[in-house]
Amino acid sequence: MSLIIDQLKETVGFIRDKCPTVPEVGIVLGSGLGNFLKDITVEAAIPYEDIPYFPVSTVKGHEGALVFGSIHDKKIMAMAGRFHFYEGYTATEVIYPIRVMKLLGIKHLLLSNAAGGVNPDFKVGDLMMINDHISLAAVNPLLGPNDDLLGPRFPDMSEPYCPKLRARANAICASLNIPLKEGVYFGVTGPTFETRAEYRMINRLGADAVGMSTVQETIAAVHLGLPVFAVSVITDLGITDRPAIITHEEVLEAAGKAEPLLTALFKQLIIEL
Ligand code: HPA
């Protein structure tokens with residue numbers, strides 16, 4: 001058995017000792033989007049630093065705990081704060097928690113992130129359901145030896161974002177009156193925001209939004225055979241006529257404002273799963 005499997009088993013054993021409930025849905029909360037946790041009945045919260053082999057979150061706006069609980073009768077687990085490649089973790093470390101969630105028993109993975117809009121029809125505060133991604137500028141987390149116990153050597157990526165979950169989300173947003181955009185997410189390493197030429201290029205390559213997370217987690221989930229649903233909160237616009245200086249504070253503020261709609265969508269989707 002490979003080292004990664006041994007480590008995963010130890011991590012999963014540690015977590016099960018603290019919280020034996022099997023979660024059905026795994027959720028990753030992006031920058032400034034941690035308030036979702038206020039809506040769940042918390043059973044246990046385990047700080048990342050206590051969990052064997054877990055990386056530790058270093059970014060402002062990210063909390064750093066694995067939270068277990070329920071929404072209505074649905075058992076969920078959430079990452080309050082995710083790991084990013086730009087923090088200095090390897091791509092394999094970034095996706096470690098996704099593998100842990102799968103081994104703990106989740107059947108669906110919900111991801112959220114803050115992203116820069118490059119589609120000229122987008123505005124700050126929009127929710128964009130991700131229907132595909134371009135990850136050629138992000139390091140693939142499956143580089144290196146493959147362990148067939150986790151998934152295949154060459155995973156198919158023709159439909160990384162589950163069409164059934166997307167259809168369900170469209171129906172929920174229509175009934176709750178939540179405006180939902182849809183588009184392609186372009187993954188970059190960060191930590192710099194993009195230059196104006198880069199935002200233009202990303203748009204011309206066929207993407208609608210750009211961000212520093214999500215694609216590696218999605219690749220890991222597809223490898224594991226986990227259906228993924230992902231939403232970007234558009235927190236800034238790369239394509240404007242005026243030079244816009246983007247700050248992390250602005251990103252957090254915009255994410256916070258859009259959060260209630262994202263939370264409503266996630267909650268209803270979880271209830272209907
Ligand atoms: N670019 C990359 N990542 C981001 C952005 C952006 O404009 N906004 C929020 N995360």
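Modeller: In this predicted model, a residue counts as buried when its relative accessible area is under 20%, as exposed when the value is over 50%, and as partly exposed in between.

Colleague: What makes helix α6 largely enclosed by the rest of the structure?

Modeller: Helix α6 spans residues 215-224, and 10 of its 10 residues are buried, so the helix is largely enclosed. The buried residues are Val 215, Gln 216, Glu 217, Thr 218, Ile 219, Ala 220, Ala 221, Val 222, His 223 and Leu 224. Gly 225 follows α6 and has a positive phi, near 80°.

Colleague: Why is Thr 214 called buried?

Modeller: The cut-off for a buried residue is under 20%. Thr 214 has a relative accessibility of 0%, and therefore counts as buried. Its place is in the loop between β8 and α6.

Colleague: What makes the pair Thr 214 and Arg 82 a polar contact?

Modeller: The side chains of Thr 214 and Arg 82 make this contact at 3.5 Å. A polar contact requires a pair of N or O atoms within 3.5 Å, one able to donate a hydrogen and the other to accept it. The value of 3.5 Å is within that limit, so the pair qualifies.

Colleague: Which residues surround the ligand?

Modeller: The residues around the ligand are Ala 114, Ala 115, Gly 116, Phe 193, Glu 194, Tyr 199, Val 210, Gly 211, Met 212, Thr 235, Asp 236 and Val 251. They divide into 7 nonpolar, 3 polar and 2 charged.

Colleague: Which strands each supply at least two residues of that shell?

Modeller: They are β5 (108-117), β8 (209-211) and β9 (228-237). Strand β5 gives the most, with 3 residues.

Colleague: How do you know which polar atoms of the protein pair with the ligand?

Modeller: The cut-off is a pair of N or O atoms within 3.5 Å. A polar side-chain atom of Tyr 199 is 2.6 Å from an oxygen atom of the ligand. A polar backbone atom of Ala 114 lies 3.3 Å from a ligand nitrogen atom, and a backbone N or O atom of Gly 116 is 3.3 Å from a nitrogen atom of the ligand. Taken alone, the ligand exposes 260 Å², and the protein buries 96% of that.

Colleague: Where does the ligand sit?

Modeller: The ligand sits in the largest pocket. The criterion for this statement is that more than half of a molecule's atoms lie within 2 Å of the pocket's grid points.

Colleague: Ala 115 belongs to the shell around the ligand. Why is Ala 115 called buried?

Modeller: Ala 115 has a relative accessibility of 1%; the cut-off is under 20%, so Ala 115 counts as buried. Ala 115 is in strand β5. Ala 115 and Gly 190 are 75 residues apart in sequence, and their C-alpha atoms are 12 Å apart in space.

Colleague: What is the peptide bond from Gly 190 to Pro 191, cis or trans?

Modeller: That bond is cis, with omega near 0°. Most peptide bonds are trans. Pro 191 lies in the loop between β7 (180-187) and α5 (196-204).

Colleague: Which sign does the phi of Tyr 53 have, and which does that of His 72 have?

Modeller: Most residues other than glycine have a negative phi. Tyr 53 has a positive phi near 70°, and His 72 has a positive phi of about 55°; neither residue is a glycine. Tyr 53 is in the loop between β2 (41-47) and β3 (65-71), whereas His 72 is in the loop between β3 and β4 (74-80).

Colleague: Why is Tyr 53 called partly exposed, and why is His 72 called exposed?

Modeller: The relative accessible area of Tyr 53 is 41%, between the limits of 20% and 50%, so Tyr 53 is partly exposed. His 72, at 62%, is over 50% and therefore counts as exposed.

Colleague: What makes Phe 85 partly exposed?

Modeller: Phe 85 has a relative accessible area of 25%, which lies between 20% and 50%, so the term applies. Phe 85 is in the loop between β4 and α2 (91-94). Phe 85 and Met 212 are 127 residues apart in sequence, with a C-alpha to C-alpha distance of 7.9 Å.

Colleague: Why is Pro 179 called exposed?

Modeller: Its relative accessible area is 60%, and the cut-off is over 50%, so Pro 179 is exposed. Pro 179 is in the loop between α4 (163-176) and β7. Pro 179 and Asp 126 are 53 residues apart in sequence and 7.6 Å apart in space, C-alpha to C-alpha.

Conventions. Residues numbered from 1 in each chain as written. Heavy atoms only, no water. Near = heavy atom within 4 Å. Areas by Shrake-Rupley, 256 points an atom, 1.4 Å probe, with all protein chains shown as cover. 1 Å grid on protein atoms, 1.4 Å probe; cavity = no way out; pocket = protein on both sides within 12 Å on 5 of 7 lines; lining within 4 Å. Helix = DSSP H or I, 4+ residues; strand = E, 2+ residues; numbered from the N terminus. Nonpolar A, V, L, I, M, F, W, Y, C, P; charged D, E, K, R; others polar. Buried < 20%, exposed > 50% of the residue type's maximum accessible area, 1.4 Å probe, protein only.
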